[in-house]
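The following points are offered as a colleague's note on the model shown below. They concern helix packing, the sheet and one pocket.

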Amino acid sequence: FNVSEINCVIETTDAMKEVLNRDVPRVPTLRGVTIASIFYEASTRTRAAFDLAARALGADIINLTAKNSSAEKGESLLDTARTIKAVGANIIIVRHPLAGAPYLIADQVKCNVINAGDGAHAHPTQALIDLYTLQSSIGNLSGKKVLIVGDILHSRVARSNIWGLSIMGAKITVCAPGTLLPSGLRGEQGKEKPQKSLPHIEIETDLDSAIEGADAIIALRIQKERQKSNLLPSLREYIKLHQINNERLKRASPNAVVMHPGPLNEGVEIAPEIVSGERSMIDQQVANGVAVRMAILYLLLK
C-alpha cells in the first residue's frame with residue numbers, strides 16, 4: 001500500500017465506525033457475497049473481527065479450520081482454496097503457519113485473498129488497525145517516534161507495522177534482546193544497523209534509551225510457541241530489562257500511548273497498571289479491528 005491507499009482505508013474505516021455506532025449496526029452493502037475464512041492456526045481477535053465485519057456488511061461467512069477441513073485428510077492448501085472458490089466464495093481469508101501461503105493462493109486461485117497472518121512474515125490488517133488507532137490518538141504520524149519492543153524476531157505484526165509506519169513517515173525504533181532481533185536487522189559482528197530498504201528504523205537493545213521521547217509504544221508478545229530454546233535466560237530477566245512499566249513510561253513523551261496487538265502475556269510485556277491505565281490503547285485496537293476489516297472487505301469488492 002502507498003500513502004493514499006492507507007488513507008483510503010482510514011477514511012473508509014471512519015464510515016464503518018459510524019455504521020457500528022447505529023442502533024442496528026448492519027448494512028446490506030455486501031448482501032449476496034460469500035466470504036470464507038480458513039485458519040490453520042488458532043485465533044481469537046482476528047477471526048472474531050472478520051466474522052463480525054462480514055456480518056455487519058450483510059455478507060455470508062463460512063468459517064473453516066484445518067482440523068475440520070479436508071486438510072486433515074491430506075488435501076493441499078491450493079486444493080482447499082480451489083474448493084472454497086468453486087463453492088462460491090468471493091473472498092478467502094487465510095491464516096497459515098508458513099510464510100507466503102496467502103500469496104501462493106492469490107497467485108494460483110482467481111479470488112480475492114486476505115492475509116490474516118502467515119508465519120512470522122506479515123499481518124497486514126493488524127498493521128492497518130494499529131495505524132488507524134495511532135492516527136486517531138496522536139494525530140499525523142509523520143515525524144512521530146514509534147517504539148516497537150518485544151519479540152521482533154518472531155513477530156509478523158512487527159514486520160507489517162515497520163512497513164506501514166515507514167510509509168506514513170514515522171520514525172521507528174525497534175528494541176529487543178539481541179537474540180530476539182532478526183539477523184537482517186543486525187550489522188556485521190553483531191553491531192545493529194538499519195536495513196537500507198527500511199531507512200527510518202533505529203535498533204536498540206536498551207529499553208531505557210529506546211523509549212526516550214517516544215510518542216507511541218507498541219509492545220509485542222513473547223511468542224513461546226515459535227521460539228527455539230535458549231533465546232532468553234528467563235522471563236524474569238526479560239521483565240526486568242524490557243517490560244513497559246510506569247517508571248520507563250516517564251521517559252517517553254508526556255502524551256505517549258501504549259499498544260499491544262494481543263494476545264497479552266499478563267505482567268510480562270506490559271505492567272498490569274499500564275494495561276488498565278489511561279494511556280493504554282489496547283481496547284481501542286480491538287474495537288477498531290472490526291471497522292478496519294469492514295473497510296478492507298468493502299474496498300475489495302466495491
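1. The model is a predicted one. In it, helix α6 packs across four strands, namely β5, β6 (171-175), β7 and β8. Its direction makes an angle of about 170° with that of β5.

2. A second helix, α5 (residues 124-138), lies across β8 and β9. Relative to β9, α5 runs at about 165°.

3. The strands named above belong to an open sheet of five strands, in the order β7-β6-β5-β8-β9, and their pairing is parallel. Because β7 (201-204) and β9 (257-259) stand at the edges with a single partner strand each, one side of each has no neighbour in the sheet. From one strand to the next, the twist averages 20°.

4. Within this sheet, the pairing of β5 (residues 145-149) with β8 (residues 216-219) is parallel and extends over four bridges. Here isoleucine 148 has isoleucine 218 of β8 opposite it.

5. The second largest pocket also deserves a comment. Its volume is about 420 Å³. The lining comprises 21 residues, and those closest to the pocket centre are Arg95, Arg156, Arg221, Gly262 and Pro263. Two elements, α2 (45-56) and α6 (156-167), each give two or more residues to this lining. Helix α6 therefore appears in two of these points: it lies across strands of the sheet, and it contributes to the lining of the second largest pocket.

6. What is the make-up of that lining by class? The second largest pocket is lined by nine polar, seven charged and five nonpolar residues.

Technical notes. Residues numbered from 1 in each chain as written. Predicted model: local features only at pLDDT ≥ 70, side-chain atom pairs only at ≥ 80, totals over all residues. Heavy atoms only, no water. 1 Å grid on protein atoms, 1.4 Å probe; cavity = no way out; pocket = protein on both sides within 12 Å on 5 of 7 lines; lining within 4 Å. Points joined across faces, edges and corners; volume = space filled by probe spheres on them. Nonpolar A, V, L, I, M, F, W, Y, C, P; charged D, E, K, R; others polar. Pairing = 2+ DSSP bridges. Axes fitted to C-alpha atoms, helices over the stretch in contact; angles between N-to-C directions. Contact = heavy atoms within 4.5 Å.
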